[in-house]
Amino acid sequence: MAESASFVDPAFLARFGLTRINAIDYFLHPLNPFQTKAKTSNEVLSMQGINIGTLMQWGTGARPGPLSLEQGEEEYRVALSRLTGEQYELLPMSNINIEGMTPQQMSALFTIRHVHRTSHNHTTVLGIYYILEGVIYKSPTVRGLMKANITRTLAGLSEACDALSVCARYDPSSGYSWKFDPDEDDEDEDIKYYSSVQEKRKRRRRQILDNRRPGERTAEEEEGIRASEAIDRILSRLSKSD
């Protein structure tokens, strides 16, 4: 299943709402495509009438009710730890503020961990899911996150190179430089000032790159200039002959 898939049941949300008390029940919805086909420990507890809500109301033999939400969740995790097989755990609320999310949005975020329990203290994580404002999503894998980040980075670098490639200029006397055309509405003085600034930047950049004095050329650049002058003389001679 694609990592971008999601599931939502408007009828369940309209009738019962969504809180930490019934988040597991919502995830165990028979139409939820993320739910495992195997029988989970959560379903075993549900057939026994044990869930977070009933634990909060009645408590347990060792801890009579009523219990707080945190105590009810703790007792539910203890009940799951006594069973083996596939289970869904509702992770505790995080006290960490996620950038860009308001406290109201944080309270509407539920994280569910799919595990396979073989003993009281040993579990293997099979997947992570989260419910945000009633919509169930599968948490992306580390590989998926890295692939997405690399793809966005490469796309940005490609666009930057395409934008800069049209501004690259080469002059045999000074080498490569950048030419950024001014706006069409600029006055002549602005254009002259812009050109002078670009020339100063070009010379400064050349000096930083190879520590040459302004106007100093390499042997290859001198040869290129001589070749260009020779071509100009040939073209001038041909034009006169016509």
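**Exercise 1. In what order do the 5 strands of the open sheet lie, and is the pairing parallel or antiparallel?**

Before we start, a word on the material: this is a predicted model, in which local features need pLDDT of at least 70, side-chain atom pairs count only at pLDDT 80 or more, and totals for chains, interfaces and linings use all residues. Residues are numbered from 1 along each chain as its sequence is written, and side-chain values use heavy atoms, with hydrogens and water left out.

*Solution.*
- Step 1: fix the terms. Strands (E, at least two residues) and helices (H or I, at least four) are DSSP runs numbered from the N terminus; two strands pair if DSSP finds at least two bridges between them.
- Step 2: read the order. Going across the open sheet we meet S1-S5-S4-S3-S2, with antiparallel pairing.
- Step 3: find the edges. Strand S1 (6–7) and strand S2 (85–90) each pair on one side only.

**Exercise 2. Work through the bridges that join S1, S5, S4 and S3.**

*Solution.*
- Step 1: start at S1. It is joined to strand S5 (residues 135–138) by 2 bridges, and Ser6 has Tyr137 of S5 as its bridge partner.
- Step 2: move on to S4 and S5. Here there are 4 bridges, again antiparallel, and Tyr129 is matched with Lys138 in S5. The hairpin of these strands has 2 residues between them, and Glu133 takes a positive phi near 55°.
- Step 3: finish with strand S3 (residues 109–117) and strand S4 (residues 123–132), an antiparallel pair with 9 bridges. Within this pair, Arg113 meets Ile128 of S4.

**Exercise 3. Describe the pairing of S6 and S7.**

*Solution.*
- Step 1: locate the strands. S6 covers residues 168–171 and S7 covers residues 175–178; they pair in the antiparallel sense over 4 bridges.
- Step 2: name a bridge. Ala168 has Trp178 in S7 as its partner.
- Step 3: add the connection. A hairpin of 3 residues links S6 to S7.

**Exercise 4. Place helix H5 and examine Tyr76 and Ser81.**

*Solution.*
- Step 1: orient the helix. H5 (residues 69–81) lies across S2 and S3 and runs at about 170° to S2. Axes are lines fitted to C-alpha atoms, for helices over the stretch in contact, and angles run from 0 to 180 degrees between N-to-C directions.
- Step 2: list contacts (heavy atoms within 4.5 Å). Not counting residues up to four places away in sequence, Tyr76 touches Ile24, Asn42, Leu45, Ile50, Asn51, Ile52 and Leu55.
- Step 3: turn to Ser81, also found in H5. Its relative accessible area is 10%, so Ser81 is buried (under 20%; exposed is over 50%, partly exposed in between, with a 1.4 Å probe and protein chains only). Leaving aside neighbours within four places in sequence, Ser81 is in contact with Arg117 and His120.

**Exercise 5. Which residues have the most contacts inside the largest nonpolar core?**

*Solution.*
- Step 1: define the set. A nonpolar core is made of buried Ala, Val, Leu, Ile, Met, Phe, Trp, Tyr and Cys residues joined through side-chain atoms within 4.5 Å.
- Step 2: read off the answer. The largest one has 22 residues, and those with the most contacts inside it are Ile24, Phe27, Tyr76, Leu90, Ile112 and Ile136.
- Step 3: assign contributors. Helix H2 (23–27), helix H4 (52–58), H5, S2, S3 and S4 give two or more residues; H2 gives the most, with 4 residues.

**Exercise 6. Summarise the chain.**

*Solution.*
- Step 1: count elements. The chain has 9 helices and 7 strands.
- Step 2: add burial. Of its 242 residues, 25% are buried.
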